[in-house]
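Colleague: I have a new model open and would like to learn how to read it. Could you walk me through it, feature by feature?

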Amino acid sequence: MPDLDQWGQSEVLTFLLRYKPRSDEELFDILNLLDSYLKSSSCSVVMAATKLFLVLARDFPHVQTDVLVRVKGPLLAACTSESRELCFAALCHVRQILDSLPGHFSSHYKKFFCSYSEPYYIKCQKMEVLCKLVNDENVQQVLEELRDYCTDISAELAQGAIFAIGKIARTYTEQCVRILTELLELKQEHITSAVVQVFRDLVWLCPQCTETVSQALPGCEENIQDSEGKQALIWLLGVHGERIPNVPYILEDFVDNIKSETFSVVKVELLTALVRLFIARPAECQDMLGRLLYYCIEEERDMTVRDRALFYYRLLQAGMEETKRVLCSPTSDHSLRLLEEQAESSVNLWASDFNTLVPIYGKEQWTAMTASQVLTDLHHADSPCEDASTVGKAPPVTEDKEKAHSDNSSSDLILMPSVCLTAEQFERTWINLDVGCQQSVPWQEMVPPDAIQAALQVVHIQTIAMSKAGSQLWKAYLAAQDDTGCLFLTELLLEIGGIEIQMLVKQSDNKPEVLQAFVSVLKTVLGTVAGLT
């Protein structure tokens with residue numbers, strides 16, 4: 001390896017991820033041999049070595065933590081790199097690390113302060129990181145920095161900074177609410193809208209600030225024009241209207257302008273808020289609620305708004321007690337969501353995603369993107385000599401039904417987009433069929449098997465049943481049907497820690513060539529999801 005350049009070293013380190021040490025002694029021998037690559041001057045080599053260490057040491061959390069401490073320097077250097085692409089990728093990986101080690105970069109929080117010349121997407125990542133680095137020692141400095149961003153010339157950046165302060169407010173409520181209240185005095189539309197949206201979430205998660213927020217709301221309606229801000233303000237006025245003396249007059253302005261309101265979601269929110277306020281202050285709200293219900297039922301063209309108005313009209317006919325029971329019933333514990341968000345995740349949950357595009361795109365989006373490429377990969381794998389002008393075209397459509405097409409050297413396989421097969425029918429059919437093919441497919445242990453389902457749907461292989469993630473023995477049952485009516489039933493088995501998926505396929509018709517084509521498609525999908533093709 002010392003004779004290879006940085007790209008060759010990175011490729012070798014990535015290839016070693018496929019190897020599974022036979023003993024702990026062999027594991028540590030490998031780590032000792034590769035230790036020097038954590039100190040490489042090449043960022044790509046350091047990242048590849050880090051991923052290898054994290055994956056191989058999955059059973060040794062202290063080793064993983066030690067490795068992440070050692071790569072703190074290279075990551076910080078990348079976060080301040082002149083290359084914006086490298087900086088952005090490094091920031092995404094820092095965010096991932098902080099999910100498992102919240103205080104890992106706390107002493108270097110100033111490294112994540114935004115520079116004026118940096119693009120918007122890097123500033124957003126840095127603000128996300130700052131939210132994760134806040135502690136008792138640096139909270140004042142971080143809030144002052146974010147406070148400066150709130151008046152940035154870019155409305156998007158200013159709102160992003162306000163939302164970042166809102167996240168910090170879940171822990172340091174009093175300091176953040178004071179800053180947010182001061183921002184309302186600027187009377188700028190985008191700032192007021194963002195602050196009110198933060199207030200809406202904050203009174204739900206931190207009820208102790210409700211009184212302060214309620215006192216700050218009057219006057220906000222004059223500076224909000226977007227639907228998100230209006231929704232948040234109307235919700236706050238409806239739920240906490242009994243704390244604000246002039247709230248009926250504020251809502252009356254919305255009712256008087258209901259005909260010119262362009263956002264149906266705002267109309268629906270106004271209906272709910274006014275019915276809630278009517279329960280608490282009926283004398284002041286009766287007339288305007290009647291006018292609002294009449295307009296929404298008799299004149300409104302949006303059926304969503306009309307249906308919601310009819311629902312409230314009939315609910316009020318059932319009596320005030322029933323209306324109160326439906327709209328003012330007890331809510332869930334506000335602290336549950338905070339506890340879920342603050343829970344630390346294991347390094348093993350994301351170790352296999354380190355040094356990939358997953359931290360940049362996110363797990364769900366990357367899985368969807370990978371699945372959308374499966375058909376293209378199948379064309380390249382099965383038709384290497386296909387004319388370049390036809391690659392990437394949509395699959396053929398026959399009788400207005402979309403079909404998945406995969407070329408095979410001896411036969412054509414066309415899978416139908418839907419299979420009308422229930423779980424009970426699958427079980428009965430499975431019992432009556434003989435095994436047509438049984439194979440093992442290589443698999444990476446850290447790849448979640450649930451990612452298979454989205455990829456299979458792209459090639460029209462339906463999932464009938466699937467075990468929960470983390471099961472001791474993970475199972476999946478699949479079904480597909482070609483254009484001749486031939487059924488393909490498949491069972492996938494994967495043990496925890498296994499490096500192979502067991503694949504068992506049954507076929508309703510005895511067509512060996514077509515069966516082989518189906519197995520080829522299935523193996524390509526599995527290999528693509530596991531990143532082994």
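Colleague: Let me start with the whole protein: what percentage of the residues count as buried?

Modeller: Happy to help, and please keep in mind that this is a predicted model. Of its 533 residues, 46% count as buried. The accessible surface comes to about 27000 Å², and carbon and sulfur atoms account for 50% of that area.

Colleague: How many helices and strands does the protein have?

Modeller: There are 25 helices and nine strands. To see how the chain is folded back on itself, look at contacts between residues at least 6 apart in sequence: 64% of these join residues at least 24 apart.

Colleague: Let me try a single residue. Where is Val213, and is Val213 buried or exposed?

Modeller: Val213 sits in helix α12, which covers residues 210-216. Its relative accessibility is 1%, and a residue under 20% is called buried, so Val213 counts as buried.

Colleague: Which residues is Val213 in contact with, leaving aside its neighbours within four places in sequence?

Modeller: Those partners are Phe199 and Val203. You can also compare sequence with space: Leu180 is 33 residues from Val213 along the chain, while their C-alpha atoms are 9.5 Å apart.

Colleague: Now for charges. What is the general idea behind a salt bridge?

Modeller: Side chains of opposite charge can pair when their charged atoms come close. This structure holds 15 salt bridges. One of them joins Lys126 to Glu118, with 2.6 Å between the closest N and O atoms.

Colleague: Are Lys126 and Glu118 buried or exposed?

Modeller: Lys126 is buried, at a relative accessible area of 3%. Glu118 has 17% and is buried too, because the cut-off for buried is under 20%. For contrast, look at Glu82, in the loop between α5 (72-79) and α6. Glu82 counts as exposed, with 83% relative accessibility. Glu82 and Glu118 are 36 residues apart along the chain, and 9.7 Å separates their C-alpha atoms.

Colleague: Which residues are linked in a network of salt bridges?

Modeller: The network links Glu252, Asp256, Asp287 and Arg291. Let's take two of its pairs, both involving Arg291. In one, the side chains of Arg291 and Glu252 meet at 3.2 Å, N to O. Arg291 belongs to helix α16 (residues 282-298) and Glu252 to helix α14 (residues 247-256), so this pair ties together parts that are 39 residues apart in sequence.

Colleague: And where do Arg291 and Asp287 lie?

Modeller: Both are in helix α16, four residues apart, which is about one turn of the helix. Their side chains also meet in a salt bridge at 3.2 Å, N to O. As for accessibility, Arg291 is partly exposed at 33%, Glu252 is partly exposed at 25%, and Asp287 is exposed at 54%.

Colleague: I always look for disulfides. What is a disulfide, in general?

Modeller: A disulfide is a covalent bond between the sulfur atoms of two cysteines. In this structure the count is zero.

Colleague: Why does Cys87 not form a bond with Cys79?

Modeller: The closest cysteine sulfur to that of Cys87 belongs to Cys79, and at 5.9 Å the two are too far apart for a bond. A pair needs its sulfur atoms within 2.5 Å to count as a disulfide. Cys87 is buried, with a relative accessible area of 3%. Cys486 is another buried cysteine, at 0% relative accessibility.

Colleague: What does the side chain of Ser100 make a polar contact with?

Modeller: Its partner is the side chain of Trp350, at 2.7 Å. Ser100 lies in helix α6, residues 84-100, and counts as buried at 5% relative accessibility.

Colleague: To finish, which residues make a nonpolar surface patch?

Modeller: Leu357, Ile360 and Tyr361 make one of about 230 Å². Tyr361 lies in helix α20, which covers residues 358-361. At 35% relative accessible area, Tyr361 is partly exposed.

How values were computed. Residues are numbered from 1 along each chain as its sequence is written. This is a predicted model: local features need pLDDT of at least 70, side-chain atom pairs count only at pLDDT 80 or more; totals for chains, interfaces and linings use all residues. Side-chain values use heavy atoms; hydrogens and water are left out. Helices (H or I, at least four residues) and strands (E, at least two) are DSSP runs, numbered from the N terminus. Buried means under 20% relative accessible area, exposed over 50%, partly exposed in between (1.4 Å probe, protein chains only). Contact means heavy atoms within 4.5 Å. Patches are made of residues with over 30% relative accessible area and no salt bridge: like charges are joined within 9 Å, nonpolar side chains (Val, Leu, Ile, Met, Phe, Trp, Tyr) within 5 Å. Accessible areas come from the Shrake-Rupley method with a 1.4 Å probe; for residues, only the protein chains shown count as cover. A salt bridge is a side-chain nitrogen of Lys or Arg within 4 Å of a carboxyl oxygen of Asp or Glu. A polar contact is a pair of N or O atoms within 3.5 Å; within protein, one must be able to donate a hydrogen and the other to accept it, and residues adjacent in sequence count only if both atoms are side-chain atoms.
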